[in-house]
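Biologist: I am new to this structure and would like a close look at a single part of it, set against the chain as a whole. Could you take me through it step by step?

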Amino acid sequence: MRINELKESQRKKGRFLVRLENGDILRVTEDELLRFGLRSGMELDEEALEALRASAKASSAKAAAANIIGGRALSKKELTRRLVKKGNEEPDAQAAADWLEDIGAVNDASYAASLVRHYGGRGYGPARVREELRRRGIDRELWDEAMEEMPEAAEILDKLIQKRCRGDLSDPRERRRVCDALMRRGFGWGEVKSAMERYVEMIEDD
């Protein structure tokens, strides 16, 4: 396959456009330009062309991954899923995520800890926070250490109950409404029950 034209991309710095005689356009990096010795008029045999295509796809996935992770923190699995959704093949997406992990741009342990702090700070309980870690693709082996960043459940619950109580907790309906709301946020029944009892005692003391 002959290279009809080779020129620098006007849209992306460090990218080059390789126009083949069949009309295909490959977007390559300077690394591929040098590694394959690319030049206009060059003839590529089938093996070299296939290797160039594979390398170009891998480089494209890396560039997309770096662009995505530059916008917001993601887990390695989230990043891989996004790359696949954008049209990258699974092996290329996984390799790009591995590359960013190797250079420290993706760190699931750090990301998990930040998620725990974020959702714990917003008043969510341990069960809800663990579900968020699962949804974000964080490996379970990282959960325990990350959950150490979780604020004390009692502290969160005391604040939530004071904020949510609109009436007398001796009213079963009001008590049930508050309990249901707190358990939906990921707190266990035992934690909620103890917090409700503390609130009642505080009210009575006042």
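**A close look at Ser-59**

Modeller: The accessible surface of the protein chain, worked out by the Shrake-Rupley method with a 1.4 Å probe, is about 12700 Å², and carbon and sulfur atoms hold 45% of that area. This is a predicted model, in which local features need pLDDT of at least 70 and side-chain atom pairs count only at pLDDT 80 or more, while totals for chains, interfaces and linings use all residues. Residues are numbered from 1 along each chain as its sequence is written, and side-chain values use heavy atoms, with hydrogens and water left out.

The protein chain has 10 helices and three strands, where helices are DSSP runs of H or I with at least four residues and strands are runs of E with at least two, both numbered from the N terminus. Within this chain, Ser-59 lies in helix α2, which covers residues 46–71. Ser-59 is buried, since its relative accessible area is 15%, and buried means under 20% with a 1.4 Å probe, counting protein chains only; of the 206 residues in the chain, 38% are buried.

Setting aside neighbours within four places in sequence, Ser-59 is in contact (heavy atoms within 4.5 Å) with Arg-15, Thr-29 and Glu-32. With Glu-32 there is also a polar contact between the two side chains, at 2.4 Å; such a contact is a pair of N or O atoms within 3.5 Å, and within protein one must be able to donate a hydrogen and the other to accept it, while residues adjacent in sequence count only if both atoms are side-chain atoms.

Conventions
Buried < 20%, exposed > 50% of the residue type's maximum accessible area, 1.4 Å probe, protein only.
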